[in-house]
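This report describes a single protein chain, with attention to its contacts, its helix packing and its buried residues. The sequence and the structure are shown below.

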Amino acid sequence: MGDEGELPESEGFEELIRYTIPGYVLGLIAGVFLDMQGYQRSPIGQWLVRTLSGEGESILEGIYSIRQRFLGGSSTMAEAYGWGKLFGLAVPWMIDLSSRLAGVNVYGVEGFYIPYFYALSDQMGANITGMLFLRRKEGTWIGAFNRYMHHPVMVASLAIIVIVPFGLLLLRIYGFSPTTQTFTALETIVANLCWIPPVVGWYVQRIRGI
């Protein structure tokens, strides 16, 4: 991978890994509870379940970034990553609402993109702020792009952004429909692979003894 792919100092990704499971658990609990109360197809219930399942870790990672900013010290990729995820939080809410108002069947094949944005819009934001972080570090866009393409976390992030929508589309084509809040939670959890890039960053740092 060369020197440009190395992580010369700890970038803080081990801090982000711990935030994913609580979001999954809270989303499932909310889904099961709402189903038991008879709100299987409640739009507000789906908003809550998808937000917790797909973006619960983003809220916690955003809090981590805010904490890092107030504590001072040198800026890290993980901090920039967390800010991006926080900024991407409201995007799926607007997409979900506008789709329902436009009459899109959110339970059918044509609605496959809704859980995608709940699961990964924060990842898109993280990818953008990660690129901006590299631009500041490298001083030029060419240098930043070159570093981006050799940075394991950024490459992993880009890969899941590209691959996940195809998986969700196939899932819907083969008959899956989030007709209960529990199914809604499970679909979003399966799509929410945001834990992969921080794990990649942590693993690379670990094997390089950082």
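## Surroundings of T180

T180 touches D35 and Q40, leaving aside residues up to four places away in sequence. In this predicted model, T180 sits in the loop that lies between α8 and α9. With a relative accessible area of 21%, T180 is partly exposed, because the buried class requires a value under 20%. The C-alpha atoms of T180 and G45 are separated by 9.8 Å, although these positions lie 135 residues apart along the chain as a sequence separation.

## Overall composition

The chain contains 10 helices and zero strands. Its elements, read from the N terminus on, run α-α-α-α-α-α-α-α-α-α. Of the 210 residues in the chain, 49% are buried. Among contacts between residues at least 6 apart in sequence, 78% join residues at least 24 apart.

## Packing of α2 against α9

Two packed helices are described by the angle between their axes and the distance between the axes. Helix α2 (residues 20–36) and helix α9 (residues 181–191) have axes that come within 7 Å and cross at roughly 160°. Angles over 145 degrees count as roughly antiparallel, so α2 is roughly antiparallel to α9. The crossing of these two helices is right-handed.

On the α2 side, the contact is made by Y24, G27, L28, G31, V32, L34 and D35. The α9 side contributes Q181, T182, A185, L186 and I189. D35 thus takes part in this contact and is also touched by T180.

## Packing of α6 against α7

What angle do α6 and helix α7 (residues 141–150) form where they pack? The angle is about 125°, and the axes of α6 and α7 are 8 Å apart. The two helices are therefore oblique to each other. The crossing of α6 and α7 is right-handed.

From α6, the residues N127, M131, L132, L134, R135 and E138 take part. They meet W141, G143, A144, F145, R147 and Y148 of α7.

## Nonpolar cores

In soluble globular proteins, nonpolar side chains tend to be buried together. The largest nonpolar core in this chain has nine residues: Y116, A119, L120, I160, I161, V164, L168, A191 and C194. Two or more residues of this core come from each of α6 (113–138) and α8 (152–173). The largest contribution is that of α8, with four residues.

V164, a member of this core, touches Y116, L120, A191 and L193 when residues up to four places away in sequence are not counted. Apart from the largest core lies another, of seven residues, which include F133, L134, Y148 and V153. L134 and Y148 also appear among the residues through which α6 and α7 meet.

## The two faces of α5

Helix α5 (residues 91–101) has P92, I95, D96 and S99 as buried residues. Seen down the axis of α5, the buried residues fall within an arc of 100°, so they line one face of the helix.

Which exposed residues does the face of α5 turned away from its buried side carry? They are M94, L97 and L101. Just after α5, G103 takes a positive phi of about 85°.

Key: Residues numbered from 1 in each chain as written. Predicted model: local features only at pLDDT ≥ 70, side-chain atom pairs only at ≥ 80, totals over all residues. Heavy atoms only, no water. Core = buried A, V, L, I, M, F, W, Y, C linked by side-chain atoms within 4.5 Å. Buried < 20%, exposed > 50% of the residue type's maximum accessible area, 1.4 Å probe, protein only. Contact = heavy atoms within 4.5 Å. Arc of directions from axis to C-beta. Axes fitted to C-alpha atoms, helices over the stretch in contact; angles between N-to-C directions. Parallel < 35°, antiparallel > 145°, perpendicular 65-115°, else oblique. Left-handed = near helix turned anticlockwise from the far one by under 90°.
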